[in-house]
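User: Hi! I'm new to reading protein models, and I'd like to learn how to look at one feature at a time. Could you walk me through this one?

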Amino acid sequence: MTTSPNETWPRVAVMGAGAVGCYFGGMLARAGAPVTLIGRRDRVEAITRDGLFIDSIHFQEQVAVAASTQPDAARDADLVLFCVKTLDTEESARLLHPHLKPGAIVVSLQNGVDNVERIRGATRTASGKNGIEALPAVVYVAAAMSAPGRVKHSGRGDLVLGHSARRAEVERVARTFERASVPCRISKNIEGDLWVKLILNCAGNAVTALGRSSYGRAAQHELARQVMRATAEEAIAVARAAGIQLPPADFVAAGLDLAKNLGPATSSTAQDIQRGKRTEIDALNGYITRRGAALGVPTPVNHTLYALVKLLEENS
């Protein structure tokens, strides 16, 4: 894919100024794109006062970027990165919808496989008028908010985009990220790629949260690796029963090796539990449990992990 240094930057809004939103929004702002982060008051105040600090494995830099607590800050955006937690998908989509200008592209940078449908459903009007038609994306980044206005990047930082009927928009978004030194692959099977990420998340997130462990430690622990592999195998069985075309490679083994290489990085589920926040487990192992039950596929390992994380979540 070729990019032009003279190409005009789109105006970018990031709905959800968490680790994912701050990292990718910050990378775009660092490259010169006009970016507004929309998030919680403490983060907005820190970013407005000091800028966004990106502590990356490649650089450490204070990045100037606009920030707001209000969804109407997206009103002039050409590109909206939808980065809220999955449990906030519907509410955030409804708040954003009235402020989108015609032709704005919304990209879902979220965990799980059904956010695009949920965004559409939450914003479809009673008269049947179309809601937000977001583009799906698969996010691979190890990042965490170390403090308000500070994002710690520990590994990767690339995206997968795709949509069979909107190739031009996908290419435009991919070009924008590539200009900002964010690798972006265009997939011919985005549904399969979303499920690959879901399977990897199911394998790693709950185990690291329950074990109070980093990815690296869990991947090097033989018993934990066995649980992670069994979790992934159940999720693969559900995907196949649902008719999902998965890549032929052994991505589970590759995922375990990746986790080992991520070293001290922690999963978003582990971060949420540590901070006493609700997790996205309903969209991960919980989703596999529900789909498995509907399709007649047993998922005892996923169900156990899901139940234990819910218990820990409710007691934190």
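Analyst: Happy to! Let's begin with a single residue: Gly162 is found in the loop between S9 and H5. Keep in mind as we go that this is a predicted model.

User: Is Gly162 buried or exposed?

Analyst: The idea is to look at the relative accessible area, where under 20% means buried. Gly162 has a relative accessible area of 1%, so it is buried.

User: Which residues is Gly162 in contact with, leaving aside its neighbours within four places in sequence?

Analyst: Setting those neighbours aside, Gly162 contacts Pro136, Val170, Ser187 and Ile190. You can also compare places along the chain with places in space: Gly162 and Glu191 are 29 residues apart along the chain, and their C-alpha atoms are separated by 8.6 Å.

User: Let me try that with another loop residue. Where does Ile57 lie?

Analyst: Ile57 lies in the loop between strand S3 (52-55) and strand S4 (60-63). Its relative accessible area is 48%, so Ile57 counts as partly exposed. Not counting residues up to four places away in sequence, Ile57 touches His153, Ser154 and Gly155. The C-alpha atoms of Ile57 and Ser181 are separated by 14 Å, with their positions 124 residues apart along the chain.

User: You mentioned Ser181. What is the value of its phi?

Analyst: First the general idea: most residues other than glycine have a negative phi. Ser181 has a phi near 65 degrees, a positive value in a residue other than glycine. Ser181 is in the loop between H5 and strand S10 (184-186), and at 59% relative accessibility it counts as exposed.

User: Which strand holds Arg156, and what is its phi?

Analyst: Arg156 is found in strand S9 (residues 150-161). Its phi is near 50 degrees, again positive in a residue other than glycine. With a relative accessibility of 39%, Arg156 counts as partly exposed.

User: Over which ring does the charged end of Arg156 sit?

Analyst: For this feature, you look for the charged end of a side chain placed over an aromatic ring. The charged end of Arg156 sits over the ring of Tyr140, 4.3 Å from its centre. The charged end of Lys197 also sits over the ring of Tyr140, 5.4 Å from its centre.

User: Now rings with rings. How many aromatic pairs does a search of the whole structure find?

Analyst: The search finds three aromatic pairs. One of them is Phe24 with Phe177, an edge-to-face pair with 6.3 Å from centre to centre and 85 degrees between the planes. This pair links distant parts of the chain: Phe24 is in helix H1 (residues 19-31) and Phe177 is in helix H5 (residues 167-179), 153 residues apart. Both Phe24 and Phe177 are buried. Ring pairs also link Tyr23, Phe24 and Phe177 into a cluster.

User: What does Val20 touch, not counting residues up to four places away in sequence?

Analyst: Val20, which is in helix H1, touches Cys83, Leu109, Val139 and Val141 on that count. With a relative accessible area of 24%, Val20 is partly exposed.

User: How do I describe two helices that pack together? At what angle do H8 and H12 pack?

Analyst: You compare the directions of the two axes, then ask how far apart the axes are. Helix H8 (residues 222-241) and helix H12 (residues 300-315) pack at an angle of about 115 degrees, with their axes 8 Å apart. Angles from 65 to 115 degrees count as roughly perpendicular, so H8 and H12 are roughly perpendicular to each other.

User: Which residues of H8 and H12 meet?

Analyst: From H8 come Val227, Ala230, Thr231, Glu234 and Ala235, and they meet Pro300, Val301, Asn302 and Leu305 of H12. Sorted by character, the residues of this contact are six nonpolar, two polar and one charged.

User: Last one: which residues are buried in helix H11?

Analyst: Helix H11 (residues 285-295) has Asn285, Gly286, Tyr287, Ile288, Thr289 and Gly292 buried. The buried residues of H11 pack against helix H6 (190-210), H8 and H12. Just after H11, Gly296 takes a positive phi of about 75 degrees.

Conventions: Residues are numbered from 1 along each chain as its sequence is written. This is a predicted model: local features need pLDDT of at least 70, side-chain atom pairs count only at pLDDT 80 or more; totals for chains, interfaces and linings use all residues. Side-chain values use heavy atoms; hydrogens and water are left out. Axes are lines fitted to C-alpha atoms, for helices over the stretch in contact, and angles run from 0 to 180 degrees between N-to-C directions. Helices (H or I, at least four residues) and strands (E, at least two) are DSSP runs, numbered from the N terminus. Angles under 35 degrees count as roughly parallel, over 145 as roughly antiparallel, 65 to 115 as roughly perpendicular and the rest as oblique. Contact means heavy atoms within 4.5 Å. Ala, Val, Leu, Ile, Met, Phe, Trp, Tyr, Cys and Pro count as nonpolar, Asp, Glu, Lys and Arg as charged, and the others, Gly among them, as polar. Rings of Phe, Tyr and Trp (its six-membered ring) pair if their centres lie within 6.5 Å; planes under 30 degrees apart count as stacked, over 60 as edge-to-face and the rest as tilted. Buried means under 20% relative accessible area, exposed over 50%, partly exposed in between (1.4 Å probe, protein chains only). A charge sits over a ring if NZ of Lys or CZ of Arg is within 6 Å of the ring centre and within 35 degrees of the ring normal.
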